[in-house]
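Trainee: I should like to learn how to read the features of a structure that is new to me. May we look at it together?

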Amino acid sequence: MMKKIEAIIKPFKLDDVKEALNGVGIQGMTISEVKGYGRQKGHKEIYRGAEYVVDFIPKMKIEIVVNTERTDQIIETIKKSAFTGKIGDGKIFIFNVEDAVRVRTGEKGKDAI
């Protein structure tokens with residue numbers, strides 16, 4: 001079996017997380033710029049004297065597919081490298097992956113990741 005790990009983190013922690021994942025042998029990942037909010041519910045800013053609410057906070061989403069045996073190690077690596085101790089550090093989601101196919105070679109399953 002394989003797992004897909006999605007991590008939502010603060011943008012300035014991306015390089016730290018990427019380096020930490022490379023350090024434990026993760027060779028590929030997908031990165032997306034996303035916006036959202038959780039418990040922090042956005043914040044207020046003042047622009048040219050007018051106050052407005054920023055409802056959606058910029059975040060980065062990292063997606064990785066790994067062999068099930070590596071899931072705990074990868075989660076710990078992300079947790080440690082993304083941690084700031086402040087609200088909005090992010091979330092990690094884990095999904096089951098039924099199969100994977102490498103387009104170029106046709107390899108399937110674990111061989112494709």
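Trainee: What volume does the largest pocket have?

Mentor: Please keep in mind that this is a predicted model. Rolling a probe the size of a water molecule over the atoms shows where empty space is left. Here, the volume of the largest pocket is about 300 Å³.

Trainee: How many residues line the largest pocket, and which lie nearest its centre?

Mentor: The lining consists of 14 residues, and those nearest the centre are Gly28, Ile64, Val65, Val66 and Ile113. By character, the lining holds 6 nonpolar, 5 polar and 3 charged residues.

Trainee: Which strand gives the most to this lining?

Mentor: That is strand E5, residues 57–67, with 5 residues in the lining.

Trainee: Which residues of the largest nonpolar core touch the most other members?

Mentor: A nonpolar core is a set of buried residues joined through side-chain atoms within 4.5 Å. In this model the largest one has 15 residues, of which Ile9, Val17, Leu21, Ile62, Ile64, Ile74 and Ile78 touch the most other members. Two or more residues of this core come from each of E1, H1, E5 and helix H2 (71–82). Ile62 illustrates the point: beyond its neighbours within four places in sequence, its contacts include Ile5, Ile9, Leu14, Val17, Leu21 and Ile31.

Trainee: Is Glu63 in strand E5 buried or exposed?

Mentor: A residue is called buried when its relative accessible area is under 20%. Glu63 has 18% relative accessibility, and therefore counts as buried. Its side chain makes a polar contact with the side chain of Lys4, at 2.9 Å. Leaving aside residues within four places in sequence, Glu63 is in contact with Lys4, Ile5, Glu6, Met29, Thr30 and Ser32.

Trainee: Where is Lys13 found, and is Lys13 buried or exposed?

Mentor: Lys13 belongs to the loop between strand E1 (2–9) and helix H1 (14–23). With a relative accessible area of 11%, Lys13 is buried. A polar atom of the Lys13 side chain lies 3.3 Å from the backbone oxygen of Ser81. Apart from neighbours within four places in sequence, Lys13 is in contact with Ser81, Ala82, Phe83 and Thr84.

Trainee: Why does Val101 count as exposed?

Mentor: The term exposed is used for a relative accessible area over 50%. Val101 has 52% relative accessibility, so Val101 counts as exposed. Val101 lies in the segment after strand E6 (90–97). Without its neighbours within four places in sequence, Val101 is in contact with Gly106, Glu107, Lys108 and Ala112. From C-alpha to C-alpha, Val101 and Asp111 are 8.5 Å apart in space, and they are 10 residues apart in sequence.

Trainee: Is Val97, in strand E6, buried or exposed?

Mentor: Val97 counts as buried, at 16% relative accessibility. Not counting residues up to four places away in sequence, Val97 touches Met2, Lys3, Lys4 and Val65. Val97 and Lys18, by contrast, are 79 residues apart in sequence and 22 Å apart in space, C-alpha to C-alpha.

Trainee: Which residues is Glu33 in contact with, leaving aside its neighbours within four places in sequence?

Mentor: Those are Lys59 and Met60. Glu33 is found in strand E2 (residues 30–36), and is exposed, with a relative accessible area of 72%. Glu33 and Ile8 are 25 residues apart in sequence and 9.6 Å apart in space, C-alpha to C-alpha.

Conventions:
Residues numbered from 1 in each chain as written. Predicted model: local features only at pLDDT ≥ 70, side-chain atom pairs only at ≥ 80, totals over all residues. Heavy atoms only, no water. 1 Å grid on protein atoms, 1.4 Å probe; cavity = no way out; pocket = protein on both sides within 12 Å on 5 of 7 lines; lining within 4 Å. Points joined across faces, edges and corners; volume = space filled by probe spheres on them. Helix = DSSP H or I, 4+ residues; strand = E, 2+ residues; numbered from the N terminus. Nonpolar A, V, L, I, M, F, W, Y, C, P; charged D, E, K, R; others polar. Buried < 20%, exposed > 50% of the residue type's maximum accessible area, 1.4 Å probe, protein only. Contact = heavy atoms within 4.5 Å. Polar contact = N/O pair within 3.5 Å; in protein donor to acceptor, adjacent residues only side chain to side chain.
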